[in-house]
Each structure stands twice: as C-alpha cells, then as structure tokens.
Amino acid sequence: MIELEGVPELIDPVMVAAFEGWNDAGDAASTAVAHLEREWKGEVFAALDAEDYYDFQVNRPTVYLDGGVRKITWPTTRLSVVRVGGDKPRDLVLVRGIEPSMRWRSFCNELLGFAHELGVEMVVILGALLGDTPHTRPVPVSGVTSDPDLARTMDLEETRYEGPTGIVGILQEACTHAGVPAVSLWAAVPHYVSQPPNPKATLALLNRLEDLIDLRIPLGELAEDARAWQVGVDQLASEDSEVAEYVQTLEEARDTAELPEASGEAIAREFERYLRRRDGGPGHATESGDSSYLRDTSSGRTRPPKPPKAEEAGTGAGDGASTDPQDARDLPGAGEAPGAPETRDAGGAPDAPDTPDTPGPSED
C-alpha cells in the first residue's frame, strides 16, 4: 500500500511521464518534463527504489560533493507535483526517470498505484524517436492511444502496432488494462542530427501537450533555443554538399506527403494556440511558484477503484501485446500510410516506423 502523507489533494490531475533511454531520442521527451518541473517549480514527493528496477552497470550512480561531503545520486524515477494557476486551476503529476533495466510490470504497477492514490484522471506519456524527417520542417508529433473511445473523442490515432516495445509502450498498455485513460505523444527527431539536446522537438511535444490537456505552458527561452538549434544545424548542413542534398530530398518527400494535410483544421489549431498565448489564456504559470497548497491527504476524499496489477492484466515486456509503433526496429512497413518515414537505427534510440492513417510517425 502506498502512503502519500503530505501530498496535495489534487484538482483534476493529469500524470505526464517521460523516460530517458530508448524512447527518448535527442532527450526531447525527458527535457520536456524537466521543463514543466522547472517552470512550475515542481516538488518531488516520491522516488522509486533504484535497487528494484535498475542495473547499476548499465545506469551507473554518480558521486558529487555537497559542502565538501561526498554524496551519491542513484538512477531512479521521481514523481513531483505542480499546480497550474488560472481561472480553472488543475494539477500535474510529473514522472521523470530512466527506462528501468528489469521488473517492468512491477515498475508500472507502482506508478499506477501512485496514480490511483492521487486520483489521476489521465496519463500522458512523452516519447521521441529517430526518423527520416528534415530539421527544416515542423517536428511531426503523433498522438496515439490503445483506447478506441479516447481515440475518437480526442482525435488521436488508435495504435495497431505489433513488435518490440519500450517502457512507454508497456506503461500505456498497463494503463489501458487498468482502466486508466492513457495517451502517448511522440516527436520525430532527424536521425542525422540525433545527439541531444533537441529543443525544437521538445517545444513540439509541449505544444501538442498544451492542445491535449488544454493548458498554457510557459515556454521560457525554449522557442529561442529551438531557433538557435535550427540555425546551427543549417550551418552544419550547408558545409557538406551531400548532407545538404540529402536534407533537400527529405524536404521534398515531406512536403509531398503532407500537402493534403495542409488543411483549415491545422491552421485553425495553430491560430487558437496563438490566441491563447496572446491573451494569457487558461493555465498560466503561478509567478511565485507557491506550493503552499501541499497538505495532508487525510481528508478522506473519494477515489476511483484501485486498478488491477499489470501482471493480472497480462501486460509486460515479453507479452507481445504492446501497441507501440515507434519502438520497433524491424517493421515491414507494407500497407502503411504514405509519407511515413523509413526506419533507421542510430545510437540505440527507437527508429521511426510507418504508422497507420497518418502522414507522420506515431508512437504509443
């Protein structure tokens, strides 16, 4: 049983999670959650036991000096909470960590236990993949879910992927089997410039998250960082004629594939985002970062029924039932929608496979 003394009684909470490693090309997803935590001054209230989930020869602890005293930071996953101000305040539970080395089902059960105790209404998992996408175009971000009702009501893709998956796919399926609404947002990172950071992909994920949960996210210097990143990559590409030619080929393929998608709906979505930012719309950050709303949860608030364990639901790293389209390395690609990028392996991050019914890459 998870005891959460001193944790807030949350308002319409949404859990937003990201994990470093295979599901985090260019560190775009984990950086997005770190940005939310920093901008809204999140307070860490729980950390999973590193001994249970991590191989320390794979993810090594680090030693640092604190006032002349040597201390150790262990690789783990931490949970923090932030309150988003505005006319209709709501709370976010932020989960940031490293893809676990072992016991994935127990890992997901523990996170779902926290979600249940906090009354989380929806889980959003962020990821990033390597794809054949040009750095000069808007970053493709796909929203996918295993829940057909959620796909219909929130205009998401219903994933039908079969193949290898990462912790993002396992957690989403665990949520689905436990009856917790879950969505995965995936940004495609150009494979030829895959090293972190990638602020342009991080910015794209945060913009899509804004639309999904109807909150205004303070971007700080992220937009400026994204422009500087693109200018830097432009410069590097211009110095190599082969790279410049390759980028042009990707641009032509992307523009051709997305021509039918340049719809009034997409334009309207961008205009709505502009209006929200201009008018200081809902969900602006609390300037003081005051977290005095933290209080004991012994008020006896009601919560939804506790979800079953993932083992009982049949989820896990080896069950073969995941629907995580971006995690596969060897996908057939036949019969998929036109315009999806070809797969490419680089640096251990997931490749960008074809996905159904969408011109860009999607992940679960």
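Which residues make a nonpolar surface patch of about 280 Å²? The answer is V63, I72 and W74. Before going on, remember that this is a predicted model.

Let's start with V63. V63 sits in strand β3, which covers residues 62-66. Its relative accessibility is 49%, so V63 counts as partly exposed. The cut-off for exposed is over 50%, which is why 49% still falls in the middle class.

Now look at the partner of β3. Strand β4 covers residues 69-73, and five bridges join β3 to β4. The two strands run antiparallel. Find T62, and you will see T73 of β4 standing opposite. Together β3 and β4 form a hairpin, with two residues between them. G67 is in the turn, and G67 has a positive phi of about 60°.

There is also a salt bridge here. K71 pairs with D66, and the closest N and O atoms are 2.9 Å apart. How exposed is K71? At 34% relative accessibility, K71 counts as partly exposed. D66 has 38%, so D66 is partly exposed too.

Next, the sheet. Eight strands form an open sheet. Read the order with me: β2-β5-β6-β1-β7-β10-β8-β9. The pairing is mixed. Which strands are at the edges? They are β2 and β9, and each pairs on one side only. Strand β9 is residues 157-158.

Go inside the sheet to β1 and β6. Strand β1 is residues 14-20, and strand β6 is residues 90-98. Seven bridges join them, and they run parallel. V14 stands opposite L92 in β6. Keep one general rule in mind as you look: in a regular strand the side chains alternate between the two faces of the sheet.

On to the helices. Take α3 first. Its 15 residues should span 21 Å at 1.5 Å a residue, and its end C-alpha atoms are 21 Å apart, so the two values agree. Is α3 mostly covered or mostly bare? Mostly covered: 12 of its 15 residues are buried. Among the buried ones are W104, F107, L111 and F114. Just after α3 comes G119, with a positive phi of about 70°.

Helix α5 is next, residues 167-178. It has 12 residues and reaches 16 Å from its first C-alpha to its last. That is close to the 16 Å expected. Helix α5 is mostly covered as well, with 10 of its 12 residues buried. Those buried residues include I167, L171, E173 and C175. Just after α5, G179 takes a positive phi of about 80°.

Now the aromatic rings. How many aromatic pairs does the structure hold? Five. One of them is F45 with F114. This pair is edge-to-face, with 6.2 Å centre to centre and 70° between the planes. F45 is in strand β2 and F114 is in helix α3, so the pair links distant parts of the chain, 69 residues apart. F45 has 22% relative accessibility and counts as partly exposed. F114 is buried, with 6%.

Y53 and F107 form an aromatic pair too. It is edge-to-face, at 5.3 Å centre to centre and 85° between the planes. Y53 lies in helix α2 and F107 in helix α3, so this pair ties together parts that are 54 residues apart in sequence. Both residues are buried. Add F19, and you have one aromatic cluster: F19, Y53 and F107.

Last topic: charges. The structure holds five salt bridges. You have already met K71 with D66. Another joins the side chains of D91 and R83, at 2.8 Å from N to O. Is D91 buried or exposed? Its relative accessibility is 0%, so D91 counts as buried.

Then there is D149 with R152, where the closest N and O atoms are 2.9 Å apart. Why are D149 and R152 separated by about one helical turn? Because they are three residues apart in helix α4, which is residues 148-153. In general, an α-helix has 3.6 residues a turn, so residues three or four places apart point the same way. D149 is partly exposed, at 44%. R152 is exposed, with a relative accessible area of 60%.

That's the tour. Thank you.

Definitions and conventions. Residues numbered from 1 in each chain as written. Heavy atoms only, no water. Patch = residues over 30% accessible without salt bridge, like charges linked within 9 Å, V, L, I, M, F, W, Y side chains within 5 Å. Areas by Shrake-Rupley, 256 points an atom, 1.4 Å probe, with all protein chains shown as cover. Salt bridge = Lys/Arg side-chain N within 4 Å of Asp/Glu carboxyl O. Helix = DSSP H or I, 4+ residues; strand = E, 2+ residues; numbered from the N terminus. Buried < 20%, exposed > 50% of the residue type's maximum accessible area, 1.4 Å probe, protein only. Phe/Tyr/Trp six-rings, centres within 6.5 Å; stacked < 30°, edge-to-face > 60°. Expected span 1.5 Å × (residues − 1). Pairing = 2+ DSSP bridges.
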